[in-house]
Amino acid sequence: PWGGAPPPGRAGPGPRNSVDPLSGFLAWCGQAGVELNPKVRLSREGAVAGYGMLAAEELEEGEVLFTIPRTALLSQHTTSIHALLQEAQESLQSQSGWVPLLLALLHEYTASNSHWQPYFSLWQDFRSLDHPMFWPQEERTRLLQGTGIPEAVDKDLANIHLEYNSIILPFMETHPNIFDPKLHTLELYKELVAFVMAYSFQEPLEEEEEDEKGPNPPMMVPVADILNHVANHNANLEYSPQCLRMVTTQPVGKGEEIFNTYGQMANWQLLHMYGFAEPYPGNTHDTADIQMVTLRRAALQRAKSEAQQQLVSEQWDFLCQLEMVGEEGAFVLGWDEVLTEEELSVALKVLCMSEEEFKEYKEQDGWEDDSEEEENSTLSNEALARLKTPCKKLLYDSVLLTLESYGTDLKAEQDLLNNKEAYEKLSRREQQALHVRYGQKRILHQLLELIQ
């Protein structure tokens with residue numbers, strides 16, 4: 001599920017009124033039926049970022065930290081305008097599936113009598129969200145080139161503009177007594193998208209529903225979204241029909257911070273969706289990508305004659321038909337194995353075939369009667385080291401091309417990370433971008449060593 005708490009070093013909101021936002025929020029929790037275990041406290045002090053949840057006493061594994069009734073959740077079903085949203089649901093469908101929640105937030109965030117006002121007061125303004133989509137384009141390109149984030153942000157921004165202009169504005173014009181485009185601007189909409197990216201949760205579907213319907217729409221879960229994230233977390237959110245519970249997954253010592261997980265997220269996903277990254281080597285779920293078209297480029301570079309180039313093009317087209325590769329796709333490498341193992345092993349095998357082998361392979365329609373290969377299809381690090389020489393060479397060249405797509409080299413980044421003084425002089429954005437690039441390059445360099 002998406003959701004979470006302020007990333008490290010994020011500046012928190014200033015008071016909207018003289019009441020401390022946290023005590024106002026805790027009072028609201030009491031009225032809303034949220035039950036907080038007396039052994040935990042919400043605090044800014046001692047949390048890695050913004051607000052966090054800390055253990056005031058020792059906790060055992062399996063302890064319930066808090067319980068939230070479903071009535072306290074903020075979603076398209078609980079907002080005061082839920083009837084309007086329900087009525088218009090056909091016209092509010094979009095690629096993201098987030099429009100109804102975003103309209104609910106546009107309304108509740110700006111309505112002075114909103115039931116969720118004390119919840120929003122924890123985020124006085126959303127300026128503290130520092131997702132790459134708020135960075136100037138020049139800075140995004142300079143710091144994140146090669147990481148995959150600039151491309152993801154461009155898609156997001158195009159989508160946000162499209163949704164706002166083609167769905168949100170027409171809906172607001174039909175309900176001028178509730179919405180005002182001068183107040184509910186594209187800018188606020190964009191901030192609320194980032195808020196949903198960083199703080200919302202999506203309830204997992206039951207297994208039997210998974211094939212029938214798309215994912216559940218996101219919803220805001222007060223209290224749960226205050227917990228920060230690490231890959232090695234110590235608490236988990238559980239869903240039941242009446243309420244949601246946060247439960248410890250291991251013992252927690254007094255004074256320690258309690259962390260949720262937003263799922264197995266690579267650093268580039270964390271920075272893109274939440275505005276922070278985990279410093280190396282904390283993120284065990286980190287990944288690096290090799291663009292699929294990079295593999296084609298490496299194969300074409302290697303082709304000496306026009307006939308060989310022609311063969312590579314035919315092999316690529318065949319791989320596209322098999323749906324093993326595509327112009328937009330990427331091969332994903334983890335620390336211990338290739339996560340897109342089938343795609344990469346088939347692509348390497350086909351692109352390394354001679355004309356005769358390829359002809360035969362095509363006639364069998366890409367099926368081979370080689371059951372022995374099927375069994376060890378996982379491309380673990382050991383399996384990568386055992387690849388045939390031509391496949392290793394092609395993969396090696398693709399990794400080199402991938403490393404060239406970054407603006408900086410691993411050695412320079414290693415030096416920066418080792419030099420505390422130099423690292424602390426970097427802006428927060430520079431630090432976060434460094435963690436993303438460094439983790440990706442470490443994975444790519446590890447692969448180079450395996451297949452040398």
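Two strands pair if DSSP finds at least two bridges between them. The exercises below apply this rule and others to a predicted model.

**Exercise 1. Strand pairing**

Determine in which sense β8 and β9 pair, and over how many bridges.

*Solution.*
Step 1. Strand β9 covers residues 243-248, and β8 and β9 are joined by five bridges. The rule asks for at least two bridges, so the two strands count as a pair.
Step 2. The sense of this pairing is antiparallel. As an example of a bridge, Glu238 has Arg245 in β9 as its partner.
Step 3. The connection between β8 and β9 is a hairpin of three residues.

**Exercise 2. The sheet and its edges**

State the order of the strands in the open sheet of four strands, and identify which strands are the edge strands.

*Solution.*
Step 1. The order is β1-β4-β9-β8, and the pairing is antiparallel.
Step 2. An edge strand pairs on one side only, and this holds for β1 (35-36) and β8 (235-239).
Step 3. At the β1 edge, two bridges connect β1 with β4 (residues 64-69), and these strands run antiparallel. Leu36 has Phe66 of β4 as its bridge partner.

**Exercise 3. Two residues and their exposure**

Classify His272 and Glu208 as buried or exposed.

*Solution.*
Step 1. The cut-offs are under 20% relative accessible area for buried and over 50% for exposed.
Step 2. His272 belongs to helix α8 (residues 267-274). Its relative accessible area is 11%, and therefore His272 is buried.
Step 3. The surroundings of His272 can now be listed. Leaving out residues up to four places away in sequence, His272 touches His131, Pro132, Ile149, Ala152, Val153, Asp156 and Met197. With Asp156, the side chain of His272 also makes a polar contact of 2.5 Å.
Step 4. Glu208 lies in the loop between β5 (200-201) and β6 (219-220). Glu208 is exposed because its relative accessibility is 57%.
Step 5. From Glu208 to Leu450 the separation is 242 residues in sequence and 41 Å in space, C-alpha to C-alpha.

**Exercise 4. An enclosed space**

Describe the volume and the lining of the second largest cavity.

*Solution.*
Step 1. Rolling a probe the size of a water molecule over the atoms shows where empty space is left.
Step 2. In this model there are three cavities of 30 Å³ or more. The second largest cavity holds about 60 Å³ of space.
Step 3. The residues that line the second largest cavity are Leu333, Gly334, Trp335, Glu337, Val338, Asn381, Leu384, Ile443, Gln446, Leu447 and Leu450.
Step 4. Two or more of these lining residues come from each of α14 (381-385) and α18 (428-451). The largest share, four residues, is that of α18.
Step 5. Sorted by class, the lining of this cavity has seven nonpolar, three polar and one charged residues.

**Exercise 5. An open space**

Describe the volume of the second largest pocket, and find which element gives the most to its lining.

*Solution.*
Step 1. The volume of the second largest pocket is about 590 Å³.
Step 2. This pocket is lined by 24 residues, of which Gly148, Glu151, Asp289, Gln291 and Glu328 are the closest to its centre.
Step 3. At least two residues of the pocket lining come from each of α6 (149-174), β11 (288-291), α9 (292-302) and α15 (389-404). The element that gives the most is β11, with four residues.
Step 4. By class, the pocket lining consists of eight nonpolar, ten polar and six charged residues.

Technical notes: Residues numbered from 1 in each chain as written. Predicted model: local features only at pLDDT ≥ 70, side-chain atom pairs only at ≥ 80, totals over all residues. Heavy atoms only, no water. 1 Å grid on protein atoms, 1.4 Å probe; cavity = no way out; pocket = protein on both sides within 12 Å on 5 of 7 lines; lining within 4 Å. Points joined across faces, edges and corners; volume = space filled by probe spheres on them. Nonpolar A, V, L, I, M, F, W, Y, C, P; charged D, E, K, R; others polar. Buried < 20%, exposed > 50% of the residue type's maximum accessible area, 1.4 Å probe, protein only. Polar contact = N/O pair within 3.5 Å; in protein donor to acceptor, adjacent residues only side chain to side chain. Contact = heavy atoms within 4.5 Å.
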